Amino acid sequence: KEFGYKIIIFDNIGSNSRSIQNIFEKSEHINSIIGSFKRIFVYFDVCVVIVNQVSDIPGNFESLKASALGLTFENNINLKIFVEKTKKLNERKISVQKTIFSALTSGYFIIGPEGLKGSSEDKILLETSEHFGHGG
């Protein structure tokens, strides 16, 4: 509240639909949940982060990552940020993979005792994160 931001973080919403086997029922269920979330977010003017697991999709040369909730979920979001481990201890790569706000970009950050810290010139990416403000 100190900076005037309001944020809600949801984790593991996929567990609500894992038991649904019919793909059409699952899509309807996910659309219903996301639709309800969007109404709440717009009404209360809050930024929302939905943490979602990813699945590997085998490709010709490398595995691609896709939302474990599937295409229905992907079609309902405005901003997709992917965070992955690197080979360096405590370093992570952050990639903006879908956005309506800015260009697609990526950078690196370090997780340390003082919190998150930009890695080399990628510090700019973390310092400008307020541009990602409100989204679905």
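This report looks at a surface patch and at the aromatic rings of a predicted model.

## A nonpolar patch on the surface

Let's start on the outside. Four residues, I7, I9, V49 and V51, make up a nonpolar patch on the surface. Together they offer about 330 Å² of accessible area.

Two strands contribute to this patch: β1 (7-11) and β2 (47-51) each provide at least two of its residues. I9 is one of the patch residues and sits in strand β1. With a relative accessible area of 56%, I9 counts as exposed, because that value is over 50%.

## Aromatic rings that link strand and helix

Now to the rings. The structure contains 4 aromatic pairs. One of them joins F10 and F41 in a tilted arrangement, with 6.1 Å from centre to centre and 50° between the planes. Since F10 belongs to strand β1 and F41 to helix α1 (residues 23-44), this pair ties together parts that are 31 residues apart in sequence.

How buried or exposed are the two partners, F10 and F41? F10 is partly exposed, at 23% relative accessibility, while F41 is buried, at 8%. Both residues also belong to one aromatic cluster, formed by F10, F37 and F41.

## A pair of neighbours, Y43 and F44

Another pair is made by Y43 and F44. Their ring centres are 4.8 Å apart and their planes stand at 85°, so this pair is edge-to-face.

As for accessibility, Y43 is exposed, with a relative accessible area of 66%. F44 is partly exposed, with a value of 48%.

Conventions:
Residues are numbered from 1 along each chain as its sequence is written. This is a predicted model: local features need pLDDT of at least 70, side-chain atom pairs count only at pLDDT 80 or more; totals for chains, interfaces and linings use all residues. Side-chain values use heavy atoms; hydrogens and water are left out. Patches are made of residues with over 30% relative accessible area and no salt bridge: like charges are joined within 9 Å, nonpolar side chains (Val, Leu, Ile, Met, Phe, Trp, Tyr) within 5 Å. Accessible areas come from the Shrake-Rupley method with a 1.4 Å probe; for residues, only the protein chains shown count as cover. A salt bridge is a side-chain nitrogen of Lys or Arg within 4 Å of a carboxyl oxygen of Asp or Glu. Helices (H or I, at least four residues) and strands (E, at least two) are DSSP runs, numbered from the N terminus. Buried means under 20% relative accessible area, exposed over 50%, partly exposed in between (1.4 Å probe, protein chains only). Rings of Phe, Tyr and Trp (its six-membered ring) pair if their centres lie within 6.5 Å; planes under 30 degrees apart count as stacked, over 60 as edge-to-face and the rest as tilted.
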